[in-house]
Amino acid sequence: RMGDIRFDDNDITAGQSGISMFYLSYLVESIHDNSQAWMGNFTINMNRINSIFNGIFIYDIEGWGASITGNSKVWIGSIMMVGNHIESVDGSGLKIETWGDLGRSCKDDAYCWFAGLYINSNIISSKTGGIYLPIIEDFGYRMEGNAYLYVDAIEIEKNDISSDFGTGINVNLETIGDLMSGKSILHFGDIRISYNKVRAKVGIHVGYMNTTLSDFSTVRMGDLRISDNNISSGNNEGMTLKWNVTTEYWASFLMGSVEISGNGIYGSTHAAIDVYENNHQFGESTYKMGSFEVVRNNFDGCYHALSVNRIKDIRIYLNNFMDNYIDIISSHNDFFFESPEPMWYRHGMKNYSSLLGNYWSKYDGVDGDDDGIGETPYDTQYGKDEYPLTSNVENYLPPWNDVTPPDIRILSPSDGDIFSSG
């Protein structure tokens, strides 16, 4: 049993990196038969760091829970970085470089559980990247037999990030489940990136890259939620999402739903959201993705608001497309530009129920029946929005903001009549 590792509540001024940790590798590995092992939590919380290079730099976390065999079990606590205030003159704010091989080469009926990564409520000012996780790689690499690896959520929430040249939040999953075989299973929990304020060259990047599955192996990815972030990326993309997965024989890669919602993306000189898929299936293998929704976002003053390559059946509704040079560019036209079911909304002083589309500042149609929905569809060139909104989305939905005084009239008694008590 290993206890917690804590770096909490320190004041640090450094000529290099503020907090540096190297080669935290193979802390629990190669246990056999019916062995069990526990690792505590790893926390870096409430520190105040002023550094020349990286504020927090962790290099080479590898091999935790690797090479477990038999009926052995390993439980690994969470990694938490919460409430730090970081100023980095010439590096990244918070960087984990090469985090890999979790559960590598497990076999038989081995079980490995990791409690997740949580990076919340940090204030970061840096030059080359805010929260930088460039190489999360080889989780479950070469697992075989009936081995099972469970990874709980990655959560990045309520951070305030300013980065001159890098990516504000970079989460790159490389070769997750790569070369798994047998009936091994990797279950990766949700990824949640929410309520962050990001000013950077690229706002948010999430990648699922270079994974090859074979035999009867299965990778189950949880939902991806990128919501309620405020992103200013005047030099490049607001958000990039990329998938590159190969499945062979009877293997399965099962992706949960994707929701991009409530984000404000302003002034991107390339794409506000850039979505790219390059997946390959062979044999009787399976690749599935759940629903994909882009909803309640503000795209304002961007070169491309939404750029989509190959991913189909995306539902796009209740977004504001305002003053973008190009609203949508795509390799196909398989989109849905309306809500999945009728919604109650307000327009003027009345309530209505209807399918709802998006607000397009370039739409020049008319609203003949004054219900807030244009009479003619809006042609995006990649499909038609049949229910285009005639004003900003916020004017349609609760909370209600009506400040008009009530109209109160006395209908009875009238004309001087007086009710008496008899």
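In the hairpin of β41 and β42, where two residues lie between the strands, G348 adopts a positive phi near 65°. The model is predicted, so local features require pLDDT of at least 70 and side-chain atom pairs count only at pLDDT 80 or more, whereas totals for chains, interfaces and linings use all residues. Residues are numbered from 1 along each chain as its sequence is written, and side-chain values use heavy atoms, with hydrogens and water left out.

The two strands of this hairpin, β41 (residues 343-347) and β42 (residues 350-354), run antiparallel and are joined by five bridges. Strands here are DSSP runs of E with at least two residues, numbered from the N terminus, and two strands pair if DSSP finds at least two bridges between them. One of the bridge partners can be named: R346 is matched in β42 by N351.

Positive phi values also occur outside glycine. Most residues other than glycine have a negative phi. D9, which is not a glycine, has a positive phi near 60°. D9 is found in the loop between β1 and β2 (11-14), and at 52% relative accessibility it counts as exposed. The scale behind that label is as follows: buried means under 20% relative accessible area, exposed means over 50%, and partly exposed lies in between (1.4 Å probe, protein chains only). S105 likewise is not a glycine and has a positive phi of about 60°. S105 sits in the loop between β11 (92-100) and β12 (111-114), where it is partly exposed at 22% relative accessibility.

Strand β1 (residues 5-8) contains I5. Together with M2 and L27, I5 forms a nonpolar patch on the surface, with about 210 Å² of accessible area. Such patches consist of residues with over 30% relative accessible area and no salt bridge, nonpolar side chains (Val, Leu, Ile, Met, Phe, Trp, Tyr) being joined within 5 Å and like charges within 9 Å. Accessible areas come from the Shrake-Rupley method with a 1.4 Å probe, and for residues only the protein chains shown count as cover. I5 itself is partly exposed, at 31% relative accessibility.

Charged pairs form the next topic. Side chains of opposite charge can pair when their charged atoms come close. A salt bridge is here a side-chain nitrogen of Lys or Arg within 4 Å of a carboxyl oxygen of Asp or Glu, and the whole structure has 13 of them. D4, R6 and D8 are linked in a network of such bridges. R104 pairs with D101, their closest N and O atoms being 3.2 Å apart; R104 is partly exposed at 27% relative accessible area, while D101 is buried at 4%.

Two further salt bridges connect separate parts of the chain. K242 and D274 form one, with the closest N and O atoms 4.0 Å apart. Because K242 lies in strand β27 (residues 239-247) and D274 in strand β31 (residues 271-277), this pair ties together parts that are 32 residues apart in sequence. K242 is partly exposed at 24% relative accessibility, whereas D274 is buried at 16%. The side chains of R315 and E338 meet in another salt bridge, at 3.7 Å from N to O. R315 belongs to strand β37 (residues 314-317) and E338 to the loop between β40 (335-336) and β41, so the pair ties together parts that are 23 residues apart in sequence. R315 is buried, with a relative accessible area of 18%, and E338 is buried as well, at 16%.

A buried polar side chain appears at N122, in the loop between β13 (117-120) and β14 (123-126). N122 has 0% relative accessibility and counts as buried. Its side chain reaches the backbone oxygen of N120 at 3.2 Å.

The cysteines complete the account. A disulfide is a pair of cysteine sulfur atoms within 2.5 Å, and the structure holds zero. The sulfur of C112 is 5.8 Å from the closest cysteine sulfur, in C106, and is therefore too far for a bond. C112 is buried at a relative accessible area of 1%, and C302 is buried at 2%.

In contrast to these buried positions, I408 is exposed at 71% relative accessibility. I408 lies in the segment after β45 (384-385). I408 and Y59 are 349 residues apart in sequence and 70 Å apart in space, C-alpha to C-alpha.

Notes:
Helices (H or I, at least four residues) and strands (E, at least two) are DSSP runs, numbered from the N terminus. A polar contact is a pair of N or O atoms within 3.5 Å; within protein, one must be able to donate a hydrogen and the other to accept it, and residues adjacent in sequence count only if both atoms are side-chain atoms.
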